[in-house]
Amino acid sequence: MKRIYQIIIILFFLTSSNCSNGQSKQECLDMLNDNLLLLDNFLHADKYEPSDLRDLRANFSDLQDQTQNDSKIDESYFFPKGYPPITKYVYPNTLIEVRFDRFNISNILGDGYNFTLDFVDNIPDAIFKVKKIYFLDGTIEGGEDISVDKIISPHFGHQTLVLKGTKPIKSFDYSMETNLSKEIIYEISTAGQTIQTSAGQIEIVHYGNGYVRVKVPESMRHVIKIEAENAQGHKLSKVMSGNGAAYKSEYLRPYIAGIKNAITQLENDKITCAEAYNKFSYERIIADLQRKENSLFLTEYFVSDFKKASIVFWDKTQVDRKHYLRNSVDQSDGVPETFYERCACAVAQDKKTELFGIIGLDGNWIIAPSFLKLTPNWGNKNLFRGQPSDEEKSYEYRYDKEKKSLTKM
């Protein structure tokens, strides 16, 4: 009986020595073969051919090409004017926030600049300097580069100028400097073509059959895009995009040879499952490759084959610096300014209580701060909507300019 126990213990030891994390010898062999197939796919990734996209393209049959031939977006549709340039007053020492939408830079730049939103995350903030302030009471404060603070909204990308004055402002003159990187377009001629840029080399892996595949440094992932046009010069719509890691063959081949050898040794019980797993697990291989990775495959699939394709590159080494002089009403349709002038007042928030009231042209309170919310209805003469601090709902109020009072409607 003692001999039987000894045999069982020896068998248990041999079995466990060929296992790792509960894996059997066959499971370890499957793992090694799977990783071998993965590395082989990495090795031949530049010869990748997509599956038939016929069904996917059929879903885009009504979008054979875009109606716009140029790459500029209709900003008047996406970024209309109409929001007040003066958005907030805080009393005392009135603080005025003036919001500038970063996307609206394309409107300010006007014609002659090839601006697209693909690289919007790379757009630096404009530099603003206030030159002159026009108050609602008719007075003007001048001087070179009146100090402004700048707040960047983390959610909407707005640039907000904060002016510290003592009374309501009608408008102000300001200078704006932009330092935008240039968009450079490289036309693709054939597969195998290489394009040298200031950020690295672009290799054209595939060109034709409705898709373009390029190999670029990882750092260039967000500074290029691929476009294609049909015979009529219209940009083709994209039906799918893809990206994947591109590893050098000298990194892959040693792993492939090592796994093949490990499979032979494991089959002949010359190494344990634990040894194979510790050296050639998926996690260990990928972690090691990622430390060496320096390039990426980017692919764009289009609704049909194309006449020509091109790479658009956001070149950060070439700066297009422009300087403008503007007035704040350029950002508005004029309705808020007209309202303020008509009632000779403005809504303000008390810094201490955070309640809202109305201040006059001299910057002093006309209606004491007693509202949780108070906003002017721009389209209605002398009409405000407010929620008193002791109420749970809002009401409409009419403002009497002569009596300097609010009456609930």
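# Exercises on strands, sheets and a helix

Strand 19 (residues 395-400) and strand 20 (residues 405-408) pair in the antiparallel sense over four bridges. This pair opens a set of exercises on a model that is predicted.

**Exercise 1.** Describe the hairpin of strand 19 and strand 20, and find the residue in it that takes a positive phi.

*Solution.* Begin with the pairing, where Tyr-399 stands opposite Leu-406 in strand 20. Next, turn to the connection, which has four residues between the strands. Finally, look at the backbone angles of the hairpin, where Lys-404 takes a positive phi near 55°.

**Exercise 2.** Work out which strands stand at the edges of the open sheet with the order 8-9-10-13-12, and explain what this leaves on one side of each.

*Solution.* The sheet is formed by five strands, and the pairing is antiparallel. Strand 8 (194-197) and strand 12 (238-246) each have a single partner strand, so one side of each is left without a neighbour in the sheet. As for the angle, neighbouring strands of this sheet are turned by 20° against each other on average, with direction ignored. Within the sheet, strand 9 (residues 200-208) and strand 10 (residues 211-217) are joined in the antiparallel sense by five bridges, and Gly-208 has Tyr-211 in strand 10 as its bridge partner. As a general background, strands of a sheet pair through backbone hydrogen bonds, either parallel or antiparallel.

**Exercise 3.** Carry out a similar reading for the open sheet with the order 4-3-7-14-11.

*Solution.* This open sheet has five strands, with antiparallel pairing. Its edge strands are strand 4 (140-141) and strand 11 (224-229), each of which pairs on one side only. Following strand 4 to its partner, we find that two bridges join it to strand 3 (residues 127-135), and that the two run antiparallel. Ile-133 has Glu-141 in strand 4 as its bridge partner.

**Exercise 4.** Check whether the length of helix 6 (residues 249-267) agrees with the expected span, and then say which of its residues are buried and what covers them.

*Solution.* At 1.5 Å a residue, the 19 residues of helix 6 should span 27 Å, and because its end C-alpha atoms are 27 Å apart, the two values agree. Buried residues of helix 6 include Leu-252, Tyr-255, Ile-256, Ile-259, Ala-262, Ile-263 and Leu-266. An α-helix has 3.6 residues a turn, so residues three or four places apart point the same way. The cover over the buried residues of helix 6 includes helix 2 (25-43), helix 7 (273-280) and helix 8 (282-292). Just after helix 6, Asp-269 takes a positive phi of about 60°.

**Exercise 5.** Decide whether Asn-35 is buried or exposed, and describe its surroundings.

*Solution.* Asn-35 lies in helix 2. With 6% relative accessibility, Asn-35 falls under the 20% cut-off and therefore counts as buried. Leaving aside residues up to four places away in sequence, Asn-35 touches Ile-259, Phe-280, Ser-281, Tyr-282 and Ile-285. One of these, Phe-280, offers its backbone oxygen, which the side chain of Asn-35 reaches at 2.8 Å.

**Exercise 6.** Summarise the whole chain through its secondary structure, its buried share and its contacts.

*Solution.* The secondary structure comes to nine helices and 20 strands. Of the 409 residues of the chain, 44% count as buried. Among contacts with a separation of 6 or more, 68% are between residues 24 or more positions apart. The accessible surface comes to about 22,500 Å², and 50% of it belongs to carbon and sulfur atoms.

Methods
Residues numbered from 1 in each chain as written. Predicted model: local features only at pLDDT ≥ 70, side-chain atom pairs only at ≥ 80, totals over all residues. Heavy atoms only, no water. Pairing = 2+ DSSP bridges. Axes fitted to C-alpha atoms, helices over the stretch in contact; angles between N-to-C directions. Buried < 20%, exposed > 50% of the residue type's maximum accessible area, 1.4 Å probe, protein only. Contact = heavy atoms within 4.5 Å. Areas by Shrake-Rupley, 256 points an atom, 1.4 Å probe, with all protein chains shown as cover. Expected span 1.5 Å × (residues − 1). Polar contact = N/O pair within 3.5 Å; in protein donor to acceptor, adjacent residues only side chain to side chain.
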